[in-house]
Amino acid sequence: MVLAAPFSPPAANLPGKPFVPKWVPPPVTKETHNFAKLQSIDLSLLDSEDPTVVDKLIQQVKKAIRDDGFLFLENYGISLEQLHRQFSIAQYLYNNISEEDKKRLLFNPETGKWSGYKHPYGFKRHQGPPDGIEQFNWYKPDWEDINRTPTCLHPFMDEIEAFCNYLTQSVNRRLLRLFSRVLELPDDWLWDNIQSHGSPTGEGYFRHALFRPVKRETEEASKGLRMHGHTDFGLTTLLFSVPISCLQIWGRDEQWYYVPYKPGALVINIGDTLEIVSGGHFCATRHRVYKPPADQLQEERLSLVLFNSSVGDLRMRPATESPLIQREGCVEDQGIYREFKKRTAKADPPTNREWREIQIATCTDPTDTEHNRIGVHQTVINGKLMHQREYMGMKVILPV
Ligand SMILES: O=C(O)CCC(=O)C(=O)O
Ligand SMILES: [Fe+2]
């Protein structure tokens with residue numbers, strides 16, 4: 001197998017590029033309680049010429065995605081310095097975006113896409129209570145038309161685009177190869193059959209996010225929550241590990257744990273599509289964004305995320321050609337897979353596009369005290385408070 005070439009971005013100092021102050025990683029928390037222990041996968045081992053090394057890697061991945069549904073990825077081809085340059089560009093965006101661009105590029109989630117600028121007042125186009133979260137999301141039309149992107153970023157589009165191309169074409173392709181191998185399918189099976197292609201992010205999207213500290217009213221309304229417990233709807237999500245600890249995952253022991261900071265590492269989470277395609281052998285990662293430990297409450301948190309989406313027209317079903325599924329069957333007690341299976345027995349399951357767009361269009365805010373109540377979007381199951389939504393006749397129940 002050919003060794004994956006490392007990332008080689010366009011130069012930062014080309015003529016015409018303004019100076020971008022360096023992003024300085026904020027201090028790491030001193031808190032050590034409630035932090036998850038996650039497996040770390042060395043992606044460069046996939047290119048080892050020793051088949052026993054590759055086999056061991058596949059077994060390690062298999063265990064991590066069945067047990068945690070979450071893993072760290074290291075040695076995937078992007079250096080810490082190259083990564084910090086991308087964080088510096090994200091920081092530059094929020095220091096320089098004009099008020100006019102914020103209005104002109106305002107998102108419209110009712111369309112089922114996050115595309116554009118998210119104001120820090122909730123996940124609807126009209127402004128609700130402040131949530132302190134700003135985002136810019138790049139979808140296919142935004143890559144194709146520079147007028148749909150913030151003017152202050154125009155000089156850096158070459159670097160942003162190269163970064164996303166590397167993440168999808170190299171990192172995600174190799175990651176899907178690992179997952180295809182776990183399913184005992186040909187190396188590019190998931191890449192060729194399920195992953196969407198074209199534009200740097202296919203039908204998925206790239207995001208620059210900034211979480212600013214919130215006022216007491218917001219914290220009280222949301223009970224410290226910044227994004228509801230959820231699973232991502234696509235194949236894989238590539239998140240960069242960041243120093244401000246807000247991302248939490250739901251452990252097997254039914255508790256929330258912070259994801260620790262591992263400089264340079266990618267945090268990989270498994271989306272709904274992958275859970276269904278794997279017949280429940282992979283577990284979609286339940287995660288949420290919560291307030292950080294006390295010593296980080298006043299810090300700003302930058303987060304870069306790349307969401308890899310499956311082909312929108314496909315209706316998901318388990319890959320019955322997988323020898324693993326043929327041998328062991330499907331894992332019937334798994335959350336979203338079980339719901340899809342129930343629905344498939346009665347009618348066609350939704351397409352991937354329908355599945356992702358309905359969730360975006362009907363997303364509610366953690367500060368929404370009208371819906372976040374027992375009997376509305378919350379319920380108690382076995383003594384635990386759960387968030388319960390129904391999309392196209394399918395129930396999604398997640399811990400609050
Ligand atoms: O910013 C993060 O760490 C996570 C965000 C997230 O889970 C999402 O946008 O789906
Ligand atoms: Fe997520």
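1. First, the vocabulary: helices (H or I, at least four residues) and strands (E, at least two) are DSSP runs numbered from the N terminus. With that in hand, strand 12 is the element that gives the most to the lining of the largest cavity, with five residues. Note that this is a predicted model, where local features need pLDDT of at least 70, side-chain atom pairs count only at pLDDT 80 or more, and totals for chains, interfaces and linings use all residues. Residues are numbered from 1 along each chain as its sequence is written, chains are lettered from A and ligands numbered from 1 in the order in which they are written, and side-chain values use heavy atoms, with hydrogens and water left out.

2. On to the cavities. A cavity here is a set of points, on a 1 Å grid over the protein atoms alone, where a 1.4 Å probe fits but cannot get out; lining residues have an atom within 4 Å of a point. Grid points are joined across faces, edges and corners, and a volume is the space filled by probe spheres set on the points. The whole structure has five cavities of 30 Å³ or more.

3. The largest cavity comes to about 690 Å³. It is lined by 41 residues, and Met227, His228, His230, Thr231 and Asp232 are the closest to its centre. Elements giving two or more residues to this lining include strand 6 (225-230), helix 11 (352-361) and strand 14 (384-391). By class, the lining has 19 nonpolar, 17 polar and five charged residues (nonpolar: Ala, Val, Leu, Ile, Met, Phe, Trp, Tyr, Cys and Pro; charged: Asp, Glu, Lys and Arg; polar: the others, Gly among them).

4. The second largest cavity has a volume of about 100 Å³. Of its 13 lining residues, Phe240, Ser241, Val242, Leu247 and Arg301 sit closest to the centre. Strand 7 and strand 12 are the elements that give two or more residues here. The class split is nine nonpolar, three polar and one charged.

5. Have a look at helix 5 (residues 157-182) too: its 26 residues reach 36 Å from first C-alpha to last, close to the 38 Å expected (1.5 Å times one less than the number of residues). Of those 26 residues, 19 are buried (under 20% relative accessible area, with exposed over 50% and partly exposed in between; 1.4 Å probe, protein chains only). After helix 5 comes Glu184, with a positive phi near 60 degrees.

6. Last, some backbone angles to check. Asn34 is not a glycine, yet has a positive phi of about 60 degrees; Asn34 lies in the segment before strand 1 (40-42). Glu254 also has a positive phi, near 60 degrees, and is found in the loop between strand 8 (247-250) and strand 9 (256-258).

How values were computed: On a 1 Å grid over the protein atoms alone, a cavity is a set of points where a 1.4 Å probe fits but cannot get out, and a pocket is an open set with protein on both sides within 12 Å along at least five of seven lines; lining residues have an atom within 4 Å of a point.
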